[in-house]
Amino acid sequence: PTTRRVCYASVLRSEPCLLEPIYLCEIQCPEAAVGGIYGCLTKRRGHVFSETQAEGTPMFYVKAHLPVMESFGFSSALRAATGGQAFPQCVFDHWAEMPDNPMKEGSKTNTIIMQTRKRKGLKVELPVFENYYDKL
């Protein structure tokens, strides 16, 4: 138990963060549908980093990073935004640090942590550093 208390106190004293999985999303579409792709990705915290046109065709290839958490229902939303002209393919690419502080009440990461703690049957409030600090 002593080592466990030290580990818990160390984590609470440091600046903890959450990592989230990120998809590499490759989207094929005609030129007229590119605007709908940008709109749909922006609503879901997506980031476009490459846009190329296939030589001799009106098809565009857009590459973007999309958080996995935001990808549920993405394909249908993208098809609705582009009139069924865009076709996404998502593959895991990397892990990225979530921008919010998980210890700050009301932040997105804090909300995720609280929902997970509730689902697992843990105490809903976050542990406090003083509970694990040895005063010797």
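Start by selecting Arg45: this residue is partly exposed, with a relative accessible area of 32% (buried means under 20%, exposed over 50%, partly exposed in between, with a 1.4 Å probe and protein chains only). A word on what you have loaded: this is a predicted model, where local features need pLDDT of at least 70, side-chain atom pairs count only at pLDDT 80 or more, and totals for chains, interfaces and linings use all residues. Residues are numbered from 1 along each chain as its sequence is written, and side-chain values use heavy atoms, with hydrogens and water left out.

**Stop 1: Arg45 and Glu20**

Keep Arg45 on and add Glu20. Their side chains form a salt bridge, 3.1 Å from N to O (the term means a side-chain nitrogen of Lys or Arg within 4 Å of a carboxyl oxygen of Asp or Glu). Glu20 sits in strand β1 (residues 19-30) and Arg45 in the loop between α2 (34-43) and β2 (47-53), so this pair ties together parts that are 25 residues apart in sequence. Those labels are DSSP runs numbered from the N terminus: helices are H or I with at least four residues, strands are E with at least two. Glu20 itself is buried, at a relative accessible area of 8%.

**Stop 2: Glu70**

Now bring in Glu70. Arg45 meets the side chain of Glu70 in a salt bridge too, at 3.2 Å from N to O. Glu70 is in the loop between β3 (59-67) and α3 (74-82), and the pair links distant parts of the chain, 25 residues apart. Is Glu70 buried or exposed? Glu70 is buried, with a relative accessible area of 16%.

**Stop 3: Lys108**

Add Lys108, which forms a salt bridge with Glu70; the closest N and O atoms are 3.9 Å apart. Lys108 belongs to helix α4 (residues 108-119) while Glu70 is in the β3–α3 loop, so the contact ties together parts 38 residues apart in sequence. Lys108 is partly exposed, at 39% relative accessible area.

With the four residues on screen, you have a network of salt bridges linking Glu20, Arg45, Glu70 and Lys108. How many salt bridges does a search of the whole structure find? It finds 3.

**Stop 4: out along β1**

Go back to Glu20 and show the backbone. Its bridge partner in β4 is Ala96. β1 and strand β4 (residues 87-97) pair in the antiparallel sense over 10 bridges (strands pair if DSSP finds at least two bridges between them). Then select Leu24, whose bridge partner in β3 is His65; β1 and β3 are paired antiparallel as well, over 9 bridges.
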